[in-house]
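Reader: I'm new to this one and would like a close look at a single part of it. Could you take me through the inside, step by step?

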Amino acid sequence: MNLPGARSAAPLVTVLGASGFLGSAVVAELARRPIRLRAVSRRPPAVPTGARAAVETRTADVTVRTELRSALAGSDAVVDLLLPSDGWRGGRGGEGERVIVGVVRELLDHFAAAGSRPAVVLAGSTSQVGVPARLPVDGTGTDRPASDYDRHKLAAERLLTAAARENVVRGTTLRLSTVYGCGPPGGAPDRGVLAAMTRRALEGRPLTVWQAGPILRDFLHVTDAAAAFACAVDRAGDLSPGHWVVGSGEAASLHEVFQAIARTVAELTGDPPVAVRSVPPPPEAAPTDLASMVVDASAFRSVTGWRPRVPRPAGLSRLAAELVSGGKSATGKWLPGNASD
């Protein structure tokens, strides 16, 4: 890792949200490097086994100005993976604005005063575009965010882009497609749709897909997402300013993927595959829940050399195997819910 402007000592990379599902994977990826790594989160983050990096773990509420500034001190690069406490559908009562927008605003104020111009990589979402006018999404379309979460992410991204144009930081946002998989030990579990359906299949319950016409999605394994953030830190100067969409580039219908989950779980358990049923979408479904989303990440790949490495069948098998091993009792019987907490 060669960070422009880094001091003669090993560069210091700070990860905010380090104990989360994606955060723990990013920490594990960066810990393979001969750097100083500061992992910051609300609950104690885990130190990856066999880390080459000198890892410092820190618990902090980074919505508190003094705690955030202490966490950022001396950083050559920052990866911001923060989410509201109840996830991407949450952020009610002003929490989303504080955690997503407020932290970025304070972070930029801190580095403007420090004058150090570090790399800052922000986690965004392809859903910031809203219901896409065309597929695949390549990052050039007009943004029409349909949820508070996406509006907050877009506001934070715009602050970061403006600061990068003013040379306060070298800043970029990675807008991720749907991330899934099992993170490293000690991190938060995947609470996304594929993990939820895998747990249902292990419990012997049918899988339900909201059917409002074929819904296509782009699923990105969490280790590939983590590698993309490491590449973005490496190439921050080339990526700044602006945003880049990151995904597998493979379109798959939810119905097909749920059927694959049912077959994968059946192979592991020896039970017949559970049924996959189409049901009407609930009234609270957001427009983006029913819209297709497929990503063209060729621009990001051309700059960084990043490529997704985990094919979806292999990723689904890993996810199911991890949930089976995490949810078995001493008798070998699957215990519903054990791997989901």
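Author: Here is a walk through the buried interior, starting with a strand and ending with a helix. One thing up front: this is a predicted model.

Let's begin with strand 5, residues 119-125. All of it is tucked away: 7 of its 7 residues are buried, so the strand is largely enclosed by the rest of the structure. That goes for both faces, with Ala119, Val121, Ala123 and Ser125 buried on one side and Val120, Leu122 and Gly124 buried on the other.

Strand 5 has company, too. It pairs in the parallel sense with strand 4 (residues 77-80) over 4 bridges, and there Val78 stands opposite Val120. Strand 5 also pairs with strand 6 (residues 170-176), again in the parallel sense, over 7 bridges. Here Val121 has Thr172 as its bridge partner.

Now for the nonpolar cores. The largest one holds 47 residues, and Val15, Val26, Leu37, Leu174, Phe229, Phe300 and Trp306 are the members that touch the most others. Helix 6 (residues 222-234) supplies the largest share of this core, 10 residues. Pick out Phe300 and you'll find that, leaving aside residues up to four places away in sequence, its contacts include Leu174, Ala228, Cys231, Trp244 and Trp306. Apart from this core lies another, of 26 residues, with Val40, Leu72, Ala156 and Leu160 among them.

Next, have a look at the aromatic rings, which form 2 pairs in the count. In one of them, the rings of Tyr180 and Phe219 have centres 6.3 Å apart and planes at 90 degrees; an angle over 60 counts as edge-to-face, so that is what this pair is. Tyr180 sits in strand 7 (residues 178-180) and Phe219 in strand 10 (residues 219-221), so the pair ties together parts that are 39 residues apart in sequence. With the cut-off for buried at under 20% relative accessible area, Tyr180 counts as buried at 1%, and Phe219 does at 5%.

Strands 7 and 10 turn up again around helix 10, residues 312-326: what covers the buried residues of this helix includes strand 7, helix 5 (193-202), strand 10 and helix 8 (254-269). The buried residues in question are Gly315, Leu316, Leu319, Ala320, Leu323 and Val324. Seen down the axis of helix 10, they fall within an arc of 165 degrees, so they line one face of the helix. The length of helix 10 checks out as well: at 1.5 Å a residue, its 15 residues should span 21 Å, and its end C-alpha atoms are 21 Å apart, which agrees.

Notes: Residues are numbered from 1 along each chain as its sequence is written. This is a predicted model: local features need pLDDT of at least 70, side-chain atom pairs count only at pLDDT 80 or more; totals for chains, interfaces and linings use all residues. Side-chain values use heavy atoms; hydrogens and water are left out. Rings of Phe, Tyr and Trp (its six-membered ring) pair if their centres lie within 6.5 Å; planes under 30 degrees apart count as stacked, over 60 as edge-to-face and the rest as tilted. Helices (H or I, at least four residues) and strands (E, at least two) are DSSP runs, numbered from the N terminus. Buried means under 20% relative accessible area, exposed over 50%, partly exposed in between (1.4 Å probe, protein chains only). A nonpolar core is a set of buried Ala, Val, Leu, Ile, Met, Phe, Trp, Tyr and Cys residues joined through side-chain atoms within 4.5 Å. Contact means heavy atoms within 4.5 Å. The expected span of a helix is 1.5 Å times one less than its number of residues. The arc is that of the directions from the helix axis to the C-beta atoms. Two strands pair if DSSP finds at least two bridges between them.
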